[in-house]
Amino acid sequence: NQILTIVDPTFASFERALRSIGVTSPSAFFGAELAKLLGGVVCAVLAALFWNWSGPFHLAKFVVPPVVALVVIGVVNRTLDRAAMARRRRVRSELALATEMLGIFLEGGQTLDQAFRGFCDVCGRALPSVATAQRALIADLNNGISYEKAIMRWAASLDVDEAKPLAALFIESLLHGTELVTHMRQISADLLHARSLAARA
């Protein structure tokens with residue numbers, strides 16, 4: 001990652017946008033970054049080969065190719081950022097209901113692990129954006145990753161600030177037995193209030 005950041009200073013935001021749309025593999029990050037850079041280089045080479053450099057603007061042959069490369073990289077970054085922002089909006093719109101559903105499982109007497117698994121089974125069609133992160137959480141737990149690390153990865157995959165207090169609440173409950181349902185009701189109400197304010201705005 002450090003090498004890619006040196007080569008492309010926009011890589012950190014590019015990686016976050018990839019994570020936001022569901023890409024999690026380090027090899028996928030490398031492949032996407034390499035494809036973006038190669039696309040910029042190819043476009044720059046084509047510009048150098050096929051542009052008509054005759055006339056008083058002959059110095060443009062040294063300027064236009066790198067500009068073309070930067071424009072291509074910028075367009076790719078911007079397109080991915082828009083896709084990531086659209087996914088974050090979908091996640092925010094689903095998170096209040098997701099919190100409410102998890103609270104219902106917990107009110108029924110289930111453990112947090114059981115609630116996670118039960119919620120994963122039923123949320124697919126109703127909450128497709130959250131469901132992707134939920135399936136990844138269950139896969140992490142099944143693969144023996146600790147609850148704390150798996151929950152932090154779940155929050156990171158949702159990639160919205162509203163997921164952080166939920167993750168902190170889950171981890172605190174696991175470590176100290178903190179009561180969950182009341183706090184989750186409050187978080188759900190806060191999420192609904194925030195959506196109402198956004199809709200009015």
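## A salt-bridge network

Asp 8, Glu 33 and Lys 36 are joined in a network of salt bridges. The model shown here is a predicted one. One link of the network is the bridge between the side chains of Asp 8 and Lys 36, at 2.6 Å from N to O. Asp 8 sits in the loop between helix 1 (2-7) and helix 2, while Lys 36 belongs to helix 3, so this pair ties together parts 28 residues apart in sequence. Are Asp 8 and Lys 36 buried or exposed? Both are buried.

Side chains of opposite charge can pair when their charged atoms come close. Across the whole structure, a search finds 10 salt bridges. Two others are described below.

## Helix 2 against helix 3

Two packed helices are described by the angle between their axes and the distance between the axes. Take helix 2 (residues 11-20) and helix 3 (residues 26-50). Their axes come within 11 Å and cross at roughly 125°. That angle makes helix 2 oblique to helix 3. The crossing is right-handed.

Which residues of helix 2 meet helix 3? They are Phe 11, Phe 14, Glu 15, Leu 18 and Arg 19. On the helix 3 side, the partners are Phe 29, Ala 32, Glu 33 and Lys 36. By class, the residues of this contact divide into 5 nonpolar, no polar and 4 charged. Two of the helix 3 residues in the contact, Glu 33 and Lys 36, also take part in the salt-bridge network with Asp 8.

## Asp 159 and its partners

Asp 159 lies in the loop between helix 7 and helix 8. Its phi is positive, about 60°, although Asp 159 is not a glycine. Most residues other than glycine have a negative phi, and most peptide bonds are trans. Asp 159 counts as buried because its relative accessibility is 10%, and the cut-off for buried is under 20%.

Asp 159 also forms a salt bridge with Arg 16, with the closest N and O atoms 3.0 Å apart. What does this pair tie together? Asp 159 is in the loop between helix 7 (147-158) and helix 8 (163-176) and Arg 16 is in helix 2, so the pair joins parts that are 143 residues apart in sequence. Arg 16 is partly exposed, with a relative accessible area of 44%.

Arg 88 is another neighbour of this site. Arg 88 is found in helix 4 (residues 60-107). Leaving out residues up to four places away in sequence, Arg 88 touches Arg 16, Ser 20, Asp 159 and Val 160. Arg 88 therefore touches both members of the Asp 159 bridge. With a relative accessible area of 14%, Arg 88 is buried.

## A bridge from helix 4 to helix 9

Helix 4 supplies a residue to another salt bridge. Glu 107 pairs with Arg 185, and their closest N and O atoms are 2.5 Å apart. The pair links distant parts of the chain. Glu 107 is in helix 4 and Arg 185 in helix 9 (residues 181-200), 78 residues apart. Arg 185 counts as partly exposed, at 29% relative accessibility.

## Helix 6 against helix 7

Helix 6 and helix 7 pack at an angle of about 160°, with their axes 9 Å apart. The two helices are therefore roughly antiparallel to each other, since angles over 145 degrees fall in that class. Their crossing is right-handed.

From helix 6, the contact draws on Val 130, Ala 133, Gln 134, Leu 137, Asp 140 and Leu 141. Helix 7 brings Tyr 147, Ala 150, Ile 151, Arg 153, Trp 154, Ser 157 and Leu 158. How many residues of each class does the contact have? There are 9 nonpolar, 2 polar and 2 charged residues.

## Pro 128 in helix 6

Pro 128 lies in helix 6 (residues 128-142). Is Pro 128 buried or partly exposed? Pro 128 is partly exposed, with a relative accessible area of 44%. Not counting residues up to four places away in sequence, Pro 128 touches Glu 94 and Cys 123.

Val 160, which touches Arg 88, offers a reference point for Pro 128. The C-alpha atoms of Pro 128 and Val 160 are separated by 15 Å. Along the chain, these two residues are 32 residues apart.

Methods: Residues are numbered from 1 along each chain as its sequence is written. This is a predicted model: local features need pLDDT of at least 70, side-chain atom pairs count only at pLDDT 80 or more; totals for chains, interfaces and linings use all residues. Side-chain values use heavy atoms; hydrogens and water are left out. Helices (H or I, at least four residues) and strands (E, at least two) are DSSP runs, numbered from the N terminus. Buried means under 20% relative accessible area, exposed over 50%, partly exposed in between (1.4 Å probe, protein chains only). Contact means heavy atoms within 4.5 Å. Axes are lines fitted to C-alpha atoms, for helices over the stretch in contact, and angles run from 0 to 180 degrees between N-to-C directions. Angles under 35 degrees count as roughly parallel, over 145 as roughly antiparallel, 65 to 115 as roughly perpendicular and the rest as oblique. A crossing is left-handed if the near helix is turned anticlockwise from the far one by less than a right angle, and right-handed if clockwise. Ala, Val, Leu, Ile, Met, Phe, Trp, Tyr, Cys and Pro count as nonpolar, Asp, Glu, Lys and Arg as charged, and the others, Gly among them, as polar. A salt bridge is a side-chain nitrogen of Lys or Arg within 4 Å of a carboxyl oxygen of Asp or Glu.
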